[in-house]
Amino acid sequence: STPPFITQRLDQFTSGVYLCAKTREAGIFLQKEWQRCHQEYLAVAWCADRAMKLLPSVGDSKVVSAALGKDAKAEPGSSRQCVDEENGKPATTEFKVLAAEGRARLLSCTLRDQGRLHQIRVHAAHIGMPLLGDDFYGSETKPEAPAFERAALHSWRARVAHPLDRADLELEAPMNEDLRSCIAKLGMSLPP
């Protein structure tokens with residue numbers, strides 16, 4: 001096959017850092033390295049009643065360790081995941097509040113274990129903070145939550161070893177205008 005060689009996946013409609021390689025060798029290296037890299041996402045969540053006390057203020061954080069697996073209740077062919085401590089694969093996400101306004105939270109989401117399919121979205125919903133616009137996992141989002149056309153999730157920063165010299169490669173993607181506008185409409189400020 002010809003370049004670019006895909007080394008990672010993002011959920012459909014997630015914006016941000018996406019890693020590709022120019023050569024097959026670099027692609028193989030980066031696929032292996034990706035599981036060890038530091039990945040940080042930005043997300044806009046809407047707190048259900050049970051989550052308001054969990055992460056009430058800027059600077060608060062919560063680590064969620066909950067195994068994920070295929071949702072047996074989902075329609076056939078669906079990629080929907082769920083917390084499945086018995087048969088799922090380990091997954092850990094750290095959520096940190098960067099901005100808060102009413103029920104809205106701008107979160108930094110760091111994958112502590114290797115990323116699982118829909119990991120941030122499932123963990124956020126699991127603790128009562130579904131992402132705005134997330135049709136799969138946002139069932140607790142109340143009617144007063146603003147509409148958003150996609151899951152409000154952005155792959156913000158990544159740090160991975162360069163395939164040639166193994167030096168840290170720091171990547172950061174600017175946020176799309178739709179997410180910037182949503183954050184501003186909610187009365188929150190973007191992180192520096």
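Let's start with one residue: Arg150 is buried, with a relative accessible area of 9% (buried means under 20%, exposed over 50% and partly exposed in between, using a 1.4 Å probe and protein chains only). Arg150 also forms a salt bridge with Asp178, their closest N and O atoms being 2.9 Å apart (a salt bridge is a side-chain nitrogen of Lys or Arg within 4 Å of a carboxyl oxygen of Asp or Glu). This is a predicted model, in which local features need pLDDT of at least 70 and side-chain atom pairs count only at pLDDT 80 or more, while totals for chains, interfaces and linings use all residues. Residues are numbered from 1 along each chain as its sequence is written, and side-chain values use heavy atoms, leaving out hydrogens and water.

**Overall build**

- The chain has three helices and eleven strands (DSSP runs numbered from the N terminus: helices are H or I with at least four residues, strands are E with at least two).
- Following the sequence, you meet these elements in the order β-β-β-α-β-β-β-β-β-β-α-β-β-α.
- The C-alpha trace spans about 50 × 40 × 25 Å along its principal axes.
- Of the 192 residues, 46% count as buried.
- Among contacts in the chain with a separation of 6 or more, 62% come from residues 24 or more positions apart (contact means heavy atoms within 4.5 Å).

**Salt bridges**

- Across the whole structure, a search finds eight salt bridges.
- In the Asp178 and Arg150 pair, distant parts of the chain are linked: Asp178 sits in helix H3 (residues 177-185) and Arg150 in the loop between H2 and strand S10 (153-161), 28 residues apart.
- Asp178 is partly exposed, at 34% relative accessibility.
- Arg80 and Asp71 also meet through their side chains in a salt bridge, at 2.9 Å from N to O.
- Of these two, Arg80 is partly exposed at 26% relative accessibility, while Asp71 is buried at 13%.
- Glu94 pairs with Arg112 in a salt bridge whose closest N and O atoms are 3.1 Å apart.
- Glu94 lies in strand S8 (residues 92-101) and Arg112 in the loop between strand S9 (104-111) and helix H2 (119-126), so this pair ties together parts that are 18 residues apart in sequence.
- Both partners count as partly exposed, Glu94 at 21% relative accessibility and Arg112 at 48%.
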